[in-house]
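Q: Could you take a close look at one part of this model for me, the surroundings of ligand 2, and then follow the connections outwards from there?

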Amino acid sequence: MLAPDHRATIDATLPVVAANATAITGRFYARMLDAHPELRNLFNQGNQASGEQKQALAAAVYAYAQYCDTPDAIEPLLNRIAHKHASLGIAADMYTIVGRHLMAAIGEILGDAVTAEIAEAWDTVYWRFAGELIAREAVLYQDAGITPATFLREYEVIERVAEGGVAVSLRLRPTDDGPAPAFRPGQYVSVQVDLADIGLRQLRQYSLSDAADGQTLRITVKQEAGDDVRPDGLVSMHLARHADIGSRWLVSNPFGDLALDPDADTPVVMISAGVGITPMAAMRRHLSRQQRQGVFVHVAAHGGRHILKRELTPAAHLTDLIVYDAARVEDRLGTDHHHAGRFTLAEHRDTIVRPDADYYLCGPLPFMTAQREALLDLGVPANRVHFEVFGPDLLTATL
Ligand SMILES: Cc1cc2nc3c(=O)[nH]c(=O)nc-3n(C[C@H](O)[C@H](O)[C@H](O)COP(=O)(O)OP(=O)(O)OC[C@H]3O[C@@H](n4cnc5c(N)ncnc54)[C@H](O)[C@@H]3O)c2cc1C
Ligand code: HEM
């Protein structure tokens with residue numbers, strides 16, 4: 001529990017911190033990355049440019065300050081961040097750097113309003129948050145048999161499959177001839193690439209898109225090609241251009257809190273859109289091996305954009321509902337998709353809603369928010385609805 005005087009100070013200052021939260025976290029990143037340019041390799045430059053990184057940090061600190069004495073409320077947030085950090089090799093000593101620059105940024109933005117008493121209360125909240133993350137990350141590293149210094153392992157591409165023109169699937173095998181790590185369906189790895197032209201290394205997360213086989217891992221990377229306004233995605237386009245068979249890449253151990261309990265026998269409902277199909281493809285493969293009940297709902301624009309379509313072989317205990325919201329004439333209704341037009345979950349409630357099921361969502365944020373609301377409206381308990389955000393999570397802290 002926060003001491004009563006700290007709680008009173010935090011409650012009194014939360015509104016002003018909230019009103020200035022992204023200014024504070026924006027200033028924090030700027031001053032920390034100026035002082036430690038080597039950390040630019042660690043932080044996703046795309047998320048820096050979009051502002052999502054500072055929003056995610058601000059939302060997390062705000063949520064933690066409010067709910068740190070309600071463990072059930074804060075658990076999903078702590079898990080999400082700890083898994084992400086473990087996939088990036090974050091070490092305990094880095095928290096001192098972050099803490100120093102975060103507190104300094106609060107001082108710079110709020111100025112004289114930050115009394116010694118206020119600074120002490122927020123410093124206490126920061127270190128409680130840090131302590132909880134450090135403890136969780138230590139367990140994740142220990143369970144994986146790695147340390148932050150050894151979080152990357154070299155893999156070789158042994159299979160490359162183009163998924164229409166939109167994505168590429170890469171099957172990876174460790175070059176040290178050891179077995180591939182175990183993982184739960186739904187988890188992801190971080191892949192590191194060297195971007196010599198901009199003098200940076202960058203890490204990105206990719207969900208494992210096939211069930212574990214003990215020897216290999218497979219990822220499926222959507223190509224984020226640029227246009228007049230947006231530059232090419234740094235890592236996805238680098239992999240699309242250079243991840244040929246025989247090429248070698250540094251890859252983290254699998255982590256991620258959106259994951260099936262592989263041994264349970266309750267039904268699983270997977271609902272995805274676009275490239276959000278990747279963790280669901282691993283889940284679907286696992287369920288079909290396990291002969292466990294499942295519903296697989298996927299929304300794609302049309303057959304040409306339906307990633308991993310070739311893997312949808314029917315299975316007796318799995319119900320598939322494939323929706324093309326902009327179907328082409330060559331897309332065959334009843335064969336490669338079951339519904340053409342806009343997807344409305346309630347319209348398919350008889351197929352989708354199952355007693356005792358867990359629901360997994362993955363796709364763009366507005367898609368997941370809509371499906372989550374629709375499920376709750378249909379009486380599904382909130383703790384049964386899980387989701388994966390393919391970017392800084394701007395959802396968990398706001399629920
Ligand atoms: C848990 C998790 C799992 C994921 N799983 C998958 C998966 O299975 N498959 C998959 O394909 N992806 C997945 N992702 C997303 C993936 O990690 C990357 O975010 C994605 O590949 C884009 O990275 P990038 O380096 O290519 O693009 P970035 O360089 O990070 O850019 C991202 C976007 O921002 C735009 N952008 C960048 N800078 C600017 C700027 N200055 N101005 C305007 N726009 C800009 C780019 O054009 C691009 O569209 C996952 C993410 C997470 C967090
Ligand atoms: C109490 C301290 C910290 C908090 C509250 C915090 C919070 C967060 C949050 C909310 C995210 C986004 C998670 C997501 O993707 O959903 C994140 C990601 C990240 N954090 Fe932390 N973090 C802390 C400490 C650190 C430290 C010490 C480092 C290392 C210097 C670090 C490096 C990163 C990186 C590199 C990412 C990924 C950024 C991206 O992909 O855009 N964090 N953190």
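A: Happy to; here is a walk from the ligand 2 site to the ring pairs, then to the ligand 1 site and a few single residues.

A word on conventions: this is a predicted model, in which local features need pLDDT of at least 70, side-chain atom pairs count only at pLDDT 80 or more, and totals for chains, interfaces and linings use all residues. Residues are numbered from 1 along each chain as its sequence is written, chains are lettered from A and ligands numbered from 1 in the order in which they are written, and side-chain values use heavy atoms, with hydrogens and water left out.

Let us begin with the shell around ligand 2. It holds 24 residues, of which Gln53, Arg80, Lys84, His85 and Asp393 come nearest; a residue belongs here if one of its heavy atoms lies within 4 Å of the molecule. Three of these residues have polar contacts to look at, meaning pairs of N or O atoms within 3.5 Å (within protein, one atom must be able to donate a hydrogen and the other to accept it, and residues adjacent in sequence count only if both atoms are side-chain atoms). The side chain of Lys84 places an N or O atom 2.4 Å from an oxygen atom of ligand 2. Arg80 brings a polar side-chain atom to 2.8 Å from an oxygen atom of the ligand. For His85, the partner is a nitrogen atom of ligand 2, which is 2.9 Å from an N or O atom of the side chain.

Helix 4 (52–67), helix 5 (71–87), helix 6 (94–110) and helix 7 (116–144) are the elements that give two or more residues to this shell. Helices here are DSSP runs of H or I with at least four residues, strands are runs of E with at least two, and both are numbered from the N terminus. By residue class, the shell divides into 16 nonpolar, 5 polar and 3 charged. In that count, Ala, Val, Leu, Ile, Met, Phe, Trp, Tyr, Cys and Pro are nonpolar, Asp, Glu, Lys and Arg are charged, and the others, Gly among them, are polar. Domain 1 (4–144) and domain 3 (268–398) each supply at least three residues to the shell, with bounds taken from an automatic or database domain assignment.

Helix 6, one of the contributors, also contains Ile97. This residue is buried at 17% relative accessibility, where buried means under 20% relative accessible area, exposed over 50%, and partly exposed in between (1.4 Å probe, protein chains only). The C-alpha atoms of Ile97 and His36 are separated by 8.9 Å, although their positions lie 61 residues apart along the chain.

Now for the aromatic rings. The whole structure has 4 aromatic pairs, counted when ring centres of Phe, Tyr or Trp (its six-membered ring) lie within 6.5 Å; planes under 30 degrees apart are stacked, over 60 edge-to-face and the rest tilted. Tyr64 and Phe129 make a stacked pair, 4.1 Å centre to centre with 10° between the planes. This pair joins distant parts of the chain, Tyr64 in helix 4 and Phe129 in helix 7, 65 residues apart, and both residues are buried. Tyr126 and Trp127 have ring centres 5.1 Å apart and planes at 85°, so their pair is edge-to-face. Tyr126 is buried, at 11% relative accessible area, whereas Trp127 is partly exposed at 35%. Ring pairs also link Phe28, Tyr29 and Phe43 into a cluster.

Next, ligand 1. Of the 25 residues around it, Gln205, Lys222, Arg230, Pro231 and Ser236 come nearest. Its contacts listed here involve backbone atoms: a polar one of Gln205 is 2.6 Å from an oxygen atom of ligand 1, and an N or O atom of Val235 lies 2.7 Å from an oxygen atom of the ligand. A nitrogen atom of ligand 1 is 3.1 Å from a polar backbone atom of Ser207.

Finally, two residues with an uncommon backbone angle. Most residues other than glycine have a negative phi. Leu308, however, has a positive phi of about 65°; it sits in the loop between strand 8 (294–300) and strand 9 (318–324) and is buried, with a relative accessible area of 2%. Asp356 also has a positive phi, near 65°, and is found in the loop between helix 10 (349–352) and strand 11 (358–362). At 53% relative accessibility, Asp356 is exposed.
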